[in-house]
Amino acid sequence: MPTFDLDAYVARSHAVDLSSFAWDDVPRHPVPREALRTMQYMQDIESHTIIYLRSLLATRAVDDPEVATFLACWLYEETFHGIALRRFLEAAGRPTGARERPRGQEPLFQRIEAAATALVSRAWPDFCAVHMTWGAINELTTLAAYRRLATVARHPVLTELLEQIMLDESRHFFFYYRQAEIRLQRASVARVARFLVDRFWMPVGSGVQPQRDLEFISRYLFADADGIAAVRKVDDTIRRLPGFATVQLLEAWMNRHVGGRNGHGHH
Ligand SMILES: [Fe+2]
Ligand SMILES: [Fe+2]
């Protein structure tokens, strides 16, 4: 795998250009109800990035200047994904409205998560390897979700918007994945990282969004044959990381949470 060119990334880091989309055309094409629900979920996650970063800033993640530089641009780009999705929802006649929970008053789960993150990172200097692995999994999952959303929603303006967003997500993935690959070279680090992912990983948004929404969206995007193929591709890519050859991620989660009710996936 080639190296990630951080300087080039920083130089090109940009907000999604809101003026480049034909928002007036949005209501001229049908937007599936399921797609709206998916976008609302994704919009909240994207806008939530700064809260997620808050817990990371309490860790050793930012001890590394390259990671710190990346995170600054990453936050900027993710935030604009949220703004662009909100704009689409407004144009589709589904404004997102005020958020139920004001920023900074996140539920208890997240406070615990933030505290645990800080604790683990203080106790273990290689926490950054976990953070990078985690980031790679989440970016790749997000990328797969957007790709599937564009395919199943079949809305021309949405497709254009998602193509722009996916360019950013694939760069994000590449940064995290490359970092993880390097940091997991040490077997002792890989073992702990693997343990923490096995133990704690859940799809993006778990714990901050209703579980039923996550299951609904997973079924909408990933339950058919193409969806399952996309899910397996995510898992297979992560399995190429050192120490992760047998990790059980998205497909296993789908089997536990979605497969049963959908009549597929149970072995
Ligand atoms: Fe994003
Ligand atoms: Fe991203």
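**Notebook: two iron ions and a pocket**

I began with the iron ion (ligand 1), which is coordinated at 1.9 to 2.3 Å by Glu 46 (OE), listed twice, together with Glu 78 (OE), His 81 (ND1) and Glu 169 (OE). I note that the model is a predicted one. Along the chain, the donors of this iron ion (ligand 1) follow the spacing E-x31-E-x2-H-x87-E. Glu 46 sits in helix α2 (residues 33-47) and His 81 in helix α4 (residues 65-91), so the pair, 35 residues apart, links distant parts of the chain.

I then looked up whether these two donors are buried or exposed. Glu 46 has a relative accessible area of 4% and is buried, because the limit for buried is under 20%. His 81 is buried too, at 0%.

Next entry: the iron ion (ligand 2). I found its protein donors to be Glu 78 (OE), Glu 139 (OE), listed twice, Glu 169 (OE) and His 172 (ND1), at 1.9 to 2.7 Å from the ion. Their spacing in sequence reads E-x60-E-x29-E-x2-H. Glu 78 lies in helix α4 and Glu 139 in helix α6 (residues 127-153), so this pair ties together parts that are 61 residues apart in sequence. I checked accessibility here as well: Glu 78 is buried, with a relative accessible area of 4%, and Glu 139 is buried at 5%.

How far apart are the two iron ions? I read 3.8 Å between the iron ion (ligand 1) and the iron ion (ligand 2), with Glu 78 coordinating both.

I turned to the largest pocket, where I noted a space of about 980 Å³. It is lined by 38 residues, and those closest to its centre are Tyr 52, Glu 113, Thr 117, Trp 134 and Asn 138. Which helix gives the most to this lining? I found that α6 does, with nine residues. At least two lining residues each come from α2, α3 (49-57), α4, α5 (108-123), α6, α7 (156-183) and α8. By type, I have the lining down as 21 nonpolar, eleven polar and six charged residues.

Last, I looked up Met 202, which is in the loop between α8 (187-200) and α9 (211-222). Its relative accessibility is 37%, so Met 202 counts as partly exposed. I also noted that Met 202 and Leu 249 are 47 residues apart along the chain, with 8.2 Å between their C-alpha atoms.

Notes:
Residues numbered from 1 in each chain as written. Chains lettered and ligands numbered in written order. Predicted model: local features only at pLDDT ≥ 70, side-chain atom pairs only at ≥ 80, totals over all residues. Heavy atoms only, no water. Donors = N, O, S within 2.8 Å, 3.2 Å for Na, K, Ca; no water. Helix = DSSP H or I, 4+ residues; strand = E, 2+ residues; numbered from the N terminus. Buried < 20%, exposed > 50% of the residue type's maximum accessible area, 1.4 Å probe, protein only. 1 Å grid on protein atoms, 1.4 Å probe; cavity = no way out; pocket = protein on both sides within 12 Å on 5 of 7 lines; lining within 4 Å. Points joined across faces, edges and corners; volume = space filled by probe spheres on them. Nonpolar A, V, L, I, M, F, W, Y, C, P; charged D, E, K, R; others polar.
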